[in-house]
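Work through the following exercises with the sequence and the coordinates at hand, and try each task before reading its solution.

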Amino acid sequence: MSAPHMDPDEFRRAGHAVVDWIADYWATLEQRPVTPADPPGTVAAALPVAPPTAGEPVEAVLADLDAIVVPGLTHWQHPGFFGYFPANTSGPSVLGDLVSSGLGVQGMLWAASPACTELETVMMDWLAQLLDLPPRFRSTGTGGGVIQDSASSATLVATLAALHRASGGRWRDTGIDRRYRAYTSTHGHSSIEKAVRIAGLGADGVRTIEVDPDTQALRPAALRAAIEADLATGDVPAIVVATIGTTSTTAVDPLPEIGAICAEYGIWLHVDAAYAGAAAVCPELRWSHVGLEYADSYCFDPHKWLLTGFDCDAFWVADRAELVEALTVLPEFLRNAASESGAVIDYRDWQVPLGRRFRSLKLWFVLRWYGAEGLRAHVRSGVALAARFADRLRADDRFELAAAHPFSLVCFRLRADDDVNAELLARMNRTGRVHLTHTRVAGRYTLRLAVGSPQTTERHIDEAWTLLTSTTNDLLPH
């Protein structure tokens, strides 16, 4: 018996039902608790222990989606979701992803699907224009951009290219032959340590550099001292990862000073702007990117704050030849005339995996639907809503702001001990009306409210503030 493939007419009918389901989900998000309250194992226990023997209709799948899966979700698009950083999606992004899935092309080589590569190259140049990135990152020069799955992969790829440079190309053939060092601030993302470990340097290969206690940004003098100490013992400084918008507090490392140090010592500079890079679509927020002309590579996540569904990290290099030389592997089955002509880009050489999805389609849909003006309006809305919440905090002397809030994250705490602040967070999140996370700033337990959902409005910020004050009233002795 042949497999019961879904024919185009069946797909059309089922597809309409799925799109309707998604639209209904978005329309009812606000009525749902942001996070589930059920204990671990609840979803798994509700699923059959074996796959079905006979096929089932889409209606049965959607019914179980409603009954089993959705109650076990944390709703990242919820207007009361203020946790982590946002992972936005939008209608245009979902439609672009749907088209990508429907086409089912594999874009490892230009020759494998030319439009897949060429659209991506142009979309990365569009983004570079929108953010006003330095000209060296455009594909029209020596650089260019590529879509990675996440900033973690971008950091790994940058680390590998940096090792290639620092070793004079030797690591590609003979592996790690001496101790190489990577440098980042104490607030650098955990993916930096992971990248360095995967690259074979070990966790000891990362030098964490102290931050300024007022700005939470990396101290250039401390970076220089660490580099010179390593050079004195024969270690090789390979890469510095500076951050625009650290995870804890959205601090901005001082790129002009860091870049000058990297240039002086010939060290690869990678700039991780995973969350805050999107802010540069707004001219008034481009101060955060001053000094980027020093960078050898740069990345940000459209899937965080630019209305493009996960996964979509935009990664650029100033010299694409260095990256390709570090990563290229060419088995016979991939050889083709277009690649050998040198006239095309093969993105397989810009990333760790061979295969790649047609992710630029969702970027194309998003950029064309919203336009530059729509994207700027979204970012400005997040900044304004965060400022609104911060203003409420300043007006209540029970609270203190733990850091500046240049973008759409507000870090704050009660003027109380860590246990009280942790209990405040737990009680707020248990209501199911909001979801916040925490960090530590200067060693102290700190709450984080990150604005980013396209559905969040002033009303939701005010409701979060009301919930915060009522919870605080219950928590603190009168």
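**Exercise 1.** Characterise the second largest pocket of this predicted model by its volume, its lining and the elements that contribute to that lining.

*Solution.* Begin with the volume, which for the second largest pocket is about 570 Å³. Next, turn to the lining, which consists of 31 residues, with Tyr84, Phe85, His189, Thr247 and Lys304 the closest to the pocket centre. Then assign the lining to secondary structure: the elements that give two or more residues are α6 (151–166), α8 (190–198), α11 (302–305) and β10 (437–441), and of the elements it is β10 that gives the most, with 3 residues. Finally, sort the lining by class, which yields 11 nonpolar, 16 polar and 4 charged residues.

**Exercise 2.** Carry out the corresponding analysis for the largest pocket, and find which element supplies the largest share of its lining.

*Solution.* The volume comes to about 890 Å³ for the largest pocket. Its lining is made up of 34 residues, and those that lie nearest the centre are Val18, Val19, Ile22, Val94 and Leu98. Two or more lining residues come from each of α1 (8–28), α3 (58–69) and α4 (91–103), and the largest share, 13 residues, is that of α1. Divided by class, the lining holds 21 nonpolar, 11 polar and 2 charged residues.

**Exercise 3.** Identify the residues that touch the most other members of the largest nonpolar core, and follow the contacts of Leu127.

*Solution.* The largest nonpolar core has 63 residues, and those touching the most other members are Leu127, Leu223, Tyr298, Phe300 and Trp316. The element that gives the most to this core is α5, with 8 residues. If residues up to four places away in sequence are not counted, Leu127 touches Phe300, Pro302, Leu306, Ala314, Trp316, Leu363 and Leu367. A second core, separate from this one, has 34 residues, including Leu160, Trp171, Ala199 and Leu327.

**Exercise 4.** Decide for Thr471 and for Glu118 whether the residue is buried, partly exposed or exposed.

*Solution.* First place Thr471, which lies in helix α16 (residues 458–475). Its relative accessible area is 7%, and because buried means under 20%, Thr471 is buried. Leaving aside neighbours within four places in sequence, Thr471 is in contact with Leu424, Arg427 and Met428. Now take Glu118, which is part of helix α5 (residues 114–131). The relative accessibility of Glu118 is 45%, so Glu118 counts as partly exposed, the class between under 20% and over 50%. As a distance check, the C-alpha atoms of Glu118 and Val49 are separated by 45 Å, with the two residues 69 apart along the chain.

**Exercise 5.** Examine the backbone at Asp311, Thr250 and Ala442, and establish where each of these residues is found.

*Solution.* Start with omega: the peptide bond from Phe310 to Asp311 is cis, with a value near 10°, and Asp311 lies in the loop between α11 and β7 (313–317). Continue with phi, which for Thr250 is near 60°, a positive value in a residue other than glycine. Thr250 is located in the loop between β4 (236–243) and α10 (255–265), and with 1% relative accessibility Thr250 counts as buried. Ala442, also not a glycine, has a positive phi of about 55°. The loop between β10 and β11 (444–450) holds Ala442, and since its relative accessible area is 66%, where exposed means over 50%, Ala442 is exposed.

Terms used: Residues are numbered from 1 along each chain as its sequence is written. This is a predicted model: local features need pLDDT of at least 70, side-chain atom pairs count only at pLDDT 80 or more; totals for chains, interfaces and linings use all residues. Side-chain values use heavy atoms; hydrogens and water are left out. On a 1 Å grid over the protein atoms alone, a cavity is a set of points where a 1.4 Å probe fits but cannot get out, and a pocket is an open set with protein on both sides within 12 Å along at least five of seven lines; lining residues have an atom within 4 Å of a point. Grid points are joined across faces, edges and corners, and a volume is the space filled by probe spheres set on the points. Helices (H or I, at least four residues) and strands (E, at least two) are DSSP runs, numbered from the N terminus. Ala, Val, Leu, Ile, Met, Phe, Trp, Tyr, Cys and Pro count as nonpolar, Asp, Glu, Lys and Arg as charged, and the others, Gly among them, as polar. Buried means under 20% relative accessible area, exposed over 50%, partly exposed in between (1.4 Å probe, protein chains only). Contact means heavy atoms within 4.5 Å. A nonpolar core is a set of buried Ala, Val, Leu, Ile, Met, Phe, Trp, Tyr and Cys residues joined through side-chain atoms within 4.5 Å.
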